[in-house]
Amino acid sequence: FIGSGVSGGEEGALWGPSLMPGGDKEAYASLEPIWEAIAAKVDDGSCVTYIGPEGSGHFVKMVHNGTEYGDMQLIAEAYDMMRRCLGMSAGEISDVFVEWNKGLLSSFLVEITGEILKYVDPETNKPLVDFIMDKAGQKGTGLWTSKVALDLGVAIPTIESALAARMMSGLKTQRIEASTTLAGPQDAHYDGDKTAFVAAIHDALYASKICSYAQGMALIKTASDNNHWELNLGEISRIWKGGCIIRAQFLDKIKQAYHRRADLPNLLLDPDFRDAVSSAQTNWRKAVTTAMTLGVPCLAMASSLAYYDSYRSANLPQNLTQAQRDFFGASGDLNKRKLTPALYSLYQQHLLSNGFAMIGFTRTKMDHQAFRNLMTEATKEFAESGIGDPAVWESFSQKLFYVAGDPTDPSAYQELKELLSNLDHEQGTACNRVFYLSTPPELYAPIVKQLGAAGISKASTPDSWVRIIIEKPFGYDLSTAIKLNSEVASVFDENQVYRIDHYLGKETVQNILVFRFANGIFEPIWNRNFIDHVQITAAEAVGAGDRVGYYEASGALRDMIQNHLMQVFSLVAMEPPVSLDANAIRDEKQKVMMAVYPFTHDEVPRFAVRGQYGPGTSNGKPVPGFREEIKSFNAKSKGHQYNEESDAPTYAMVRLMVNNWRWAGVPFFIRSGKRMPKRVSEVAIQFKRVPHLLFKQTKADRIEPNSLVIRVQPDEGITLKFGAKMPGQAMHIREVNMDFQYGQQFGHHSPEAYERLLLDCMLGDPTLFARWDMVEKGWELLGPVLDTWSEEKATFPSYDAGSWGPAEADEFIAHGAPHRRWRKP
């Protein structure tokens, strides 16, 4: 399959367009002579090249159009500055553009601008441009470019400003009214040297144009990195030199920049463009500030200048933004980000009874109303649908209360006990309690002890209940987990304890049970006879950032594998339960954990790999390594200093072997890492190859074995990959996907994991919570890995940020089985 972007308009149809084909490379090879003949021709060849796989050709065409938006707006602003600031006629401005087209700004758009401005209306003998309505439409590609840039986290302010300018132009009636009522410079005129100011506009246009293309190319590079397209940005700029709307002499310089450095993160870092902007910036600033002083809008030029100044700034004011977020608890505060929004969502769905109240308990001094105000702002920011109906929020907020106190102070718990008693009478809470410990782990034991001492850890009536939810991590290793469990068990019974793992609240994880046991076609092949191996992946694109302290102490194995991914593994590998009763399901999960081969310290190199990211690129931007992040944190911190030669693994992989009839000989590869190419969590079931290849003459040996991929996040769903015959006389086979997506199938987003888990706890259903014996077994299995890694010095860093992990992991999975390799989701 080949899909192609085409640019050129009417002239392209006559003389050849710029073509941007993407899709199957072999298919393109058969079409290449035709495309070469059709395409426009420039000094270094036809304006066509194989862009890359999948829809990359259409993506590049979309960004081409977004860049075109920026180009056109910048030219329009240059025209407006000469018209309004200098009072120049259309004919005079035309002469300027004709002259500019002979130099650095030589391009199709500058050329036709000169022609448009000199065209005279035969009926009035006046410039035709003066009779054209100043309302510009859009066909969608600029909007799409902006949306994709937001999704990928790429700043394209020039292109977005061009889009905004078109939107503003559509408000013609409002603008006419505003022009008579809103204050500002009226008929202001530039009194300085006219020739010098025209030169300043020229430089401003050129520098802004560089920034616009830098943004477009950065967007293409980021999409290429994220999707593994391996696009050649030098070739893309080359094929834009002819046939298309944005064809320009300037593109040859871009081609040369990427030939000098193929991995160039931004055009502004190329020496030629750096020097060009540097020499133009005095005039650039003059043009923009003069226009703004005279009240002439220059959205795109001003945005380009702000982009340049932001990009060259080592320090930006987002430190204050982050400080403000921290002050209001938006960063790292589970209650504000997850718990209160989840409870409010349950309340909106009428899943909470009127006999409900929530009490916040922290050291911070505030009253009930201040707490409600804080939760109002948090819910506005973090709830998926915000506050919604104000009346509903008002009703909910009146059920929020607060106690200020030190979690180790017995008197604070007496105050809490008194408030609970009052709320039983006022709110009708029937003496039922859920205590949620969303605190640092070192406070779990002291809080549990104080709850017991205050006499509020047990049910006070025969029909009431008391439960406690404890967040991860439950211990630091096996010994600390046993100690914590002993302290909890001295106050609460096991059936009161709900060890929460938000992964189990995710719809796709829950769907593993339904997928396996509600469909007769999958369970018969869910075993060693048909499955070659299983890969469970939890990858994050972000680094440790300001959480270097936590990560330096925990590492990837503790952070993700010991809890989240071991739970997912148990659901994939467990035997069918006798019922959907909580203990029946948890018994089977524990049985498969007991069947995992318990490797020793000496065997760790055969069962586990660790890694730590060094400097690299993420979303097309340079990012530091983990140790560099620690150094940066230490330089800013006045408190605790962390080890700048840390051996904390930011990547961990383990191979589990299950010694039972179903899974004998089938390895489960579980990996998690930070600074990977993308954020993704999935379970991939890799089936065995067919026992006999009938289609060797069609290169069937190149076709991958069937696989079933369960996507946990993002884009929750399930994909089955298999081979199918392509249409035609010959026998050609191609891999195809059968895809199920939650959002498309059910028409709405899945509920937040915490909604399901909080409701289950209140209903007394522990199915999706970790039982102590499974937590203990997880620490027991991974203990040798943690001990060995703590004793042996690592050679770090071992993988570049933005890659899929250390080379050792690739060698590990293929050892003894060359056909096995890691998926790149």
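Student: Are Arg662 and Glu523 buried or exposed in this predicted model?

Tutor: Burial is read from relative accessible area, with buried meaning under 20%. Arg662 and Glu523 are both buried.

Student: What do the side chains of Arg662 and Glu523 form?

Tutor: Side chains of opposite charge can pair when their charged atoms come close. Here Arg662 and Glu523 meet in a salt bridge, at 2.7 Å from N to O. Arg662 belongs to the loop between β17 (651-657) and β18 (667-673), and Glu523 to the loop between α21 (507-517) and β12 (531-539), so the pair ties together parts 139 residues apart in sequence.

Student: Which residues are joined into one network by salt bridges that share partners?

Tutor: The network consists of Asp43, Asp44, Glu235, Arg238, Lys241, Asp252 and Lys255. Within it, Asp44 pairs with Lys255, their closest N and O atoms being 2.6 Å apart. This pair links distant parts of the chain, 211 residues apart: Asp44 is in the loop between β3 (41-42) and β4 (45-46), and Lys255 in helix α11 (residues 250-260). Asp44 is partly exposed, at 27% relative accessible area, whereas Lys255 is buried, at 12%.

Student: Where do Lys221 and Asp225 lie?

Tutor: Both are in helix α9 (residues 194-227), 4 residues apart, or about one turn of the helix. Their salt bridge has its closest N and O atoms 3.1 Å apart. Lys221 is buried, with a relative accessible area of 10%, and Asp225 is partly exposed, at 29%.

Student: How many salt bridges does the structure hold?

Tutor: The structure holds 44 salt bridges.

Terms used:
Residues are numbered from 1 along each chain as its sequence is written. This is a predicted model: local features need pLDDT of at least 70, side-chain atom pairs count only at pLDDT 80 or more; totals for chains, interfaces and linings use all residues. Side-chain values use heavy atoms; hydrogens and water are left out. A salt bridge is a side-chain nitrogen of Lys or Arg within 4 Å of a carboxyl oxygen of Asp or Glu. Helices (H or I, at least four residues) and strands (E, at least two) are DSSP runs, numbered from the N terminus. Buried means under 20% relative accessible area, exposed over 50%, partly exposed in between (1.4 Å probe, protein chains only).
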